[in-house]
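User: Could you walk me through this structure in plain steps? I am new to it and would like to start with how the chains meet.

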Amino acid sequence: MSEGTVKKFMFVNRKAPYGTIYALESLEVVLISAAFDQDVSLVFMDDGVFQLKKGQQTKGIENKNFSPTYRALDGYDIEKLYVEQESLAARGLTEDDLLVDVTVMSKAEMGKLMETMDVVLSF
Amino acid sequence: MKIAILINEGPYQHQATDTAFLFCKAALAKGHEIRRVFFYHDGVNNSSSLTEPPQDDRNIVQRWSKLADEHKLDLVVCVAAALRRGIKDENLAPGFRISGLGQLVEAGIEADRLVTFGD
Amino acid sequence: MLHIVNKSPLERNALDACLRVAQGGALLLTEDAVYAATRGNAAADKITAAMAGIKVYVLGPDLDARGMTDRLLEGVTSVDYGGFVDLVAEYPTNQSWL
């Protein structure tokens, strides 16, 4: 690998938090990827949009609430967060329900964005 | 072509690791290089030397060890995911090594393709 | 790009999500997703409709294992693991719809 290779990485999150560990462990990869100075995008679609829901209170299930981490991502220069409009609508959510600033896009725009990536990781 | 593999599920519970294994064998047979196989989530359980399937079943863990030995594969188990699930150096099967998540990102950068197998 | 789906369309929404977003290229059905490309399956019409814009493949050994080889939908191409490797090599990007 030549020094300074920058690839377009996309992390596709399609699973809800807490029910399974995928959302949390996906976030761990995202944080590590920041150290490699790559062009990182995060996508939230299907139940993955629930990861960004405001007001998560996890004390009762004795799990760590990792949702504040999404707000800290810009400190790692990870600023490209995309949410698919159709997924939000199907879950009774709007952009106002999300705990971080995102770019909302249509399914077609999402598909086109995916096509421009070098590496797509799905959890 | 250099191909990296990500395996997110454990042995026996899901077919994902079987598919990944057969994919790797086919890729090697075609002359491709498997740059790295990275085990994450419950995928780390593919590396447990304590695994003992029935005699008439495939031994998924040994199968990976053997393929790694024959083709000098780099089988990397995520340390954070491994420690969560009780995988340590003392019960790590031959051919596997425990390392950080950076190894996954690095494989994605260095390989021409990265293919994910999971649930 | 190459889209890979490994879930039965009657159990999970991975195929629907993929077909909703995909902009052409190829779709490979593996593991339990092969049921989607069999005659009479409730998802078969979706696969047939999708074939207008995307090439559809199934992993033959998965079809064989499930006793569904003789029900493969017309127009869907069956490949072995070597064919899976060729598809990965052919398309610069791939996405597994887990």
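User: How many residues does each chain bring to the contact of chain A with chain B?

Analyst: Happy to help! This is a predicted model, in which local features need pLDDT of at least 70, side-chain atom pairs count only at pLDDT 80 or more, and totals for chains, interfaces and linings use all residues. Residues are numbered from 1 along each chain as its sequence is written, while chains are lettered from A and ligands numbered from 1 in the order in which they are written. Two residues are in contact if their C-beta atoms, placed from the backbone, lie within 7 Å, and the count comes to 18 residues from chain A and 15 residues from chain B.

User: Which element gives the largest share of the side of chain A that touches chain B?

Analyst: Helices (H or I, at least four residues) and strands (E, at least two) are DSSP runs, numbered from the N terminus. Two of these elements, H1 and E5 of chain A, give two or more residues to that side. The largest share, 6 residues, comes from H1(A).

User: How do the residues of that side of chain A divide by class?

Analyst: Ala, Val, Leu, Ile, Met, Phe, Trp, Tyr, Cys and Pro count as nonpolar, Asp, Glu, Lys and Arg as charged, and the others, Gly among them, as polar. On the side of chain A that touches chain B, the division is 11 nonpolar, 4 polar and 3 charged.

User: What is the strand order in the open sheet of chain A?

Analyst: Two strands pair if DSSP finds at least two bridges between them. Strand E4 (103-105) and strand E5 (119-122) of chain A pair on one side only, which makes them the edge strands. Inside the sheet, E2 (residues 39-44) and E3 (residues 80-84) of chain A run parallel, joined by 4 bridges. With 5 strands and parallel pairing, the order is E4-E3-E2-E1-E5.

User: At what angle does helix H1 of chain A lie to strand E1 of chain A?

Analyst: Axes are lines fitted to C-alpha atoms, for helices over the stretch in contact, and angles run from 0 to 180 degrees between N-to-C directions. Helix H1 (residues 22-33) packs on the sheet of chain A, touching E1 (8-13), E2 and E5. Its direction makes an angle with that of E1(A) of about 165°.

User: Which element of chain B gives the most to the side that touches chain C?

Analyst: Here 17 residues of chain B are in contact with 11 residues of chain C. Helix H1 (16-29) and strand E5 (113-117) of chain B each supply at least two residues of that side of chain B. With 6 residues, the element giving the most is H1(B).

User: How many residues of helix H4 of chain B are buried?

Analyst: A residue is buried if 20 or more other C-beta atoms lie within 10 Å of its own, exposed if 12 or fewer, and partly exposed in between. Among the buried ones in H4(B) are B:Leu104, B:Val105 and B:Ile109. Helix H4 (residues 102-110) of chain B is mostly covered, and the count of buried residues is 7 of its 9.

User: Which residue of E4 in chain C is the bridge partner of C:Leu59?

Analyst: E3(C) and strand E4 (residues 77-79) of chain C pair in the parallel sense over 3 bridges. C:Leu59 is also in contact with C:Leu29. In E4(C), the bridge partner of C:Leu59 is C:Val79.

Terms used: Lists of a residue's contacts leave out its neighbours within four places in sequence.
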